[in-house]
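Please follow this chain one helix at a time, with the coordinates open beside the text, and let each packing arrangement lead on to the next.

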Amino acid sequence: MSSEKKITDKIVADAVAEKARILEEAKKQADSVINRAKEQAAKFLENEDVLSDAEAEKARDKEISGAEMQAKKMILAKKQECVKMVLERVKEKLFTLSEQEYIQMIVSMLEKAEKGDEVVFSQKDKQNNALMEKLEQKHITVSSETRPLQGGFIVKKGEIEYNYSFEAILAVEKENIEQIAAEVLFA
């Protein structure tokens, strides 16, 4: 064999060997990159599973919380409806007292009236002879004027007026009545 041929074969052999070494090294690097990618993908999937589980749990908790809030709102609305109904019944009871019950209530409300106080009634109450007789017996001064009241009266002390009409009393006592009704109904 000629020396040229030996040199050429040697170059080719070295080139083939170098090519094999380069390919082997590239394959190792590729495998390393692929393995790292697989590890990262596995970690990512694991994290995604944990995250998706956490997200699913958050979503579930949010739905439960929303449903609980909706239920509480519904219960509160029903409780408020019941309290409102009680308040309406109180009003109805006041405005439908028998004449005797009404007179007794007015007279007892006027027990604290002082001498010199003037009491203003509705036209209807001023025409109630039984009520006017009771007030006369108690020496309560009835004003000549009238007011559009559905029940109750107004006490005048000089220029100052105290409104004891049923509407005013209910307006002032509304919170107390509602609180008592709620305690009785929902305790």
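In this predicted model, the buried residues of helix H4 pack against four elements, namely helix H2, strand S1 (118-121), helix H3 (123-126) and strand S2 (141-146). The residues of H4 that are buried are Leu 131, Met 132 and Leu 135. When one looks down the axis of H4, these buried residues fall within an arc of 95 degrees, so they line one face of the helix. The other side of H4 carries Asn 129, Glu 133, Glu 136 and Gln 137, which are exposed. Behind such a pattern lies the geometry of the α-helix, which has 3.6 residues a turn, so that residues three or four places apart point the same way.

Of the partners of H4, helix H2 deserves a closer look. Two packed helices are described by the angle between their axes and the distance between the axes. For H2 (residues 99-109) and H4 (residues 129-137), the axes come within 10 Å of each other and cross at roughly 30 degrees. Because an angle under 35 degrees counts as roughly parallel, H2 and H4 are described as roughly parallel to each other. Their crossing is right-handed.

Which residues of H2 and H4 meet? From H2 come Glu 99, Tyr 102, Ile 103, Ile 106 and Val 107, and from H4 come Ala 130, Leu 131, Lys 134 and Leu 135. Sorted by class, this contact has seven nonpolar residues and two charged ones, with no polar residue taking part. Tyr 102, Ile 103, Ile 106 and Val 107 are also the buried residues of H2. Seen down the axis of H2, they fall within an arc of 130 degrees, so they line one face of that helix.

Stepping back to the whole protein chain, one finds five helices and four strands, and from the N terminus on the elements run in the order α-α-β-α-α-β-β-β-α. Of the 187 residues of the protein chain, 18% count as buried. Among contacts between residues at least 6 apart in sequence, 61% join residues at least 24 apart.

Several pairs that are far apart in sequence can be followed between helix H1 (residues 3-95) and helix H5 (residues 166-186). Val 90 is found in H1 and is partly exposed, with a relative accessible area of 27%. Leaving aside neighbours within four places in sequence, Val 90 is in contact with Leu 170 and Ile 177. One of these partners, Leu 170, is 80 residues from Val 90 in sequence, while the two residues are 8.8 Å apart in space, taken from C-alpha to C-alpha.

Glu 178 lies in H5, and at 26% relative accessibility this residue counts as partly exposed. If residues up to four places away in sequence are not counted, Glu 178 touches Val 83 and Leu 87. Glu 178 and Lys 84 are 94 residues apart in sequence, and their C-alpha atoms are 7.6 Å apart in space.

Is Ala 181, which also has its place in H5, buried or exposed? Ala 181 has a relative accessible area of 7% and is buried, since buried means under 20% relative accessible area. The C-alpha atoms of Ala 181 and Met 85 are separated by 9.8 Å, although the two residues are 96 residues apart along the chain.

How values were computed. Residues numbered from 1 in each chain as written. Predicted model: local features only at pLDDT ≥ 70, side-chain atom pairs only at ≥ 80, totals over all residues. Heavy atoms only, no water. Axes fitted to C-alpha atoms, helices over the stretch in contact; angles between N-to-C directions. Helix = DSSP H or I, 4+ residues; strand = E, 2+ residues; numbered from the N terminus. Parallel < 35°, antiparallel > 145°, perpendicular 65-115°, else oblique. Left-handed = near helix turned anticlockwise from the far one by under 90°. Contact = heavy atoms within 4.5 Å. Nonpolar A, V, L, I, M, F, W, Y, C, P; charged D, E, K, R; others polar. Buried < 20%, exposed > 50% of the residue type's maximum accessible area, 1.4 Å probe, protein only. Arc of directions from axis to C-beta.
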